Amino acid sequence: MTPVILLAAEKESAEVTDWAARVGWLVGLALFVALVYWLMREGWKWRGTLQGDLPELPAAPDEPGEARLTMSGRYHGSTTAGHWLDRIVAHGLGTRSRVELTLTDTGLDVVRPGATDFFVPLESLREARLDKGIAGKVLTEGGLLVVTWAHGDRLIDSGFRSDRAAEHNAWVDLINSMIKTTTTEGAER
């Protein structure tokens, strides 16, 4: 045999002789990961407790009216308006999920399979815009539809991403025109 083949045939891994130390390290690592997960879960619950003054989310009316726009996509969460990293977790608003959005003359219906649905009345809508991020999700510029709405005494930004991102501009235009029309009608009264 050639010397190279002999050299390759002779190389073997060293046998593990200290199994107790290896198992101890693995158990220690698993406990550390469990501790970090538990601390993150407690932080999430604590944030929900701090936001306990947020009123219950409104439900959609029985007769919401005809749909002006619909969209399928993802709900990426809600934050305090103007503070894109201050996530709101109370009432399930921090739970990411699939979403079916429907905009009617009465407001914005947010249907989230596996999470809490909610409805934003037209008079609570404040603004719609394209943005690049919301707590925990950063996309390219204009990749996120952000809807600002009033709930109780807070302004909330909710982030959505359509399965077809080209739809975002139509949503921004229609929501903002509906808000402008509602504001104008309210001022005339």
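A charge is taken to sit over a ring if NZ of Lys or CZ of Arg is within 6 Å of the ring centre and within 35 degrees of the ring normal. In the predicted model described here, Arg-112 lies over the face of Tyr-75, at 4.4 Å from the ring centre.

Tyr-75 also takes part in the aromatic contacts of the structure, which holds three aromatic pairs. One of them joins Tyr-75 to Phe-118 in an edge-to-face arrangement, with 6.2 Å centre to centre and 70 degrees between the planes. Because Tyr-75 belongs to strand β1 (residues 69-80) and Phe-118 to strand β5 (residues 118-121), this pair ties together parts that are 43 residues apart in sequence. Tyr-75 has a relative accessible area of 0% and is therefore buried. Phe-118, at 1% relative accessibility, likewise counts as buried.

Phe-118 forms a further aromatic pair with Trp-149, and this one is stacked: the distance is 5.5 Å centre to centre, and the angle between the planes is 15 degrees. Here too, distant parts of the chain are linked, with Phe-118 in strand β5 and Trp-149 in strand β9 (residues 144-151), 31 residues apart. Trp-149 is buried, as is Phe-118.

The aromatic residues Tyr-75, Phe-118 and Trp-149 are joined by Phe-160 in one aromatic cluster. Within this cluster, Phe-118 pairs edge-to-face with Tyr-75 and is stacked with Trp-149, while the ring of Tyr-75 has Arg-112 over its face.

Technical notes: Residues are numbered from 1 along each chain as its sequence is written. This is a predicted model: local features need pLDDT of at least 70, side-chain atom pairs count only at pLDDT 80 or more; totals for chains, interfaces and linings use all residues. Side-chain values use heavy atoms; hydrogens and water are left out. Rings of Phe, Tyr and Trp (its six-membered ring) pair if their centres lie within 6.5 Å; planes under 30 degrees apart count as stacked, over 60 as edge-to-face and the rest as tilted. Helices (H or I, at least four residues) and strands (E, at least two) are DSSP runs, numbered from the N terminus. Buried means under 20% relative accessible area, exposed over 50%, partly exposed in between (1.4 Å probe, protein chains only).
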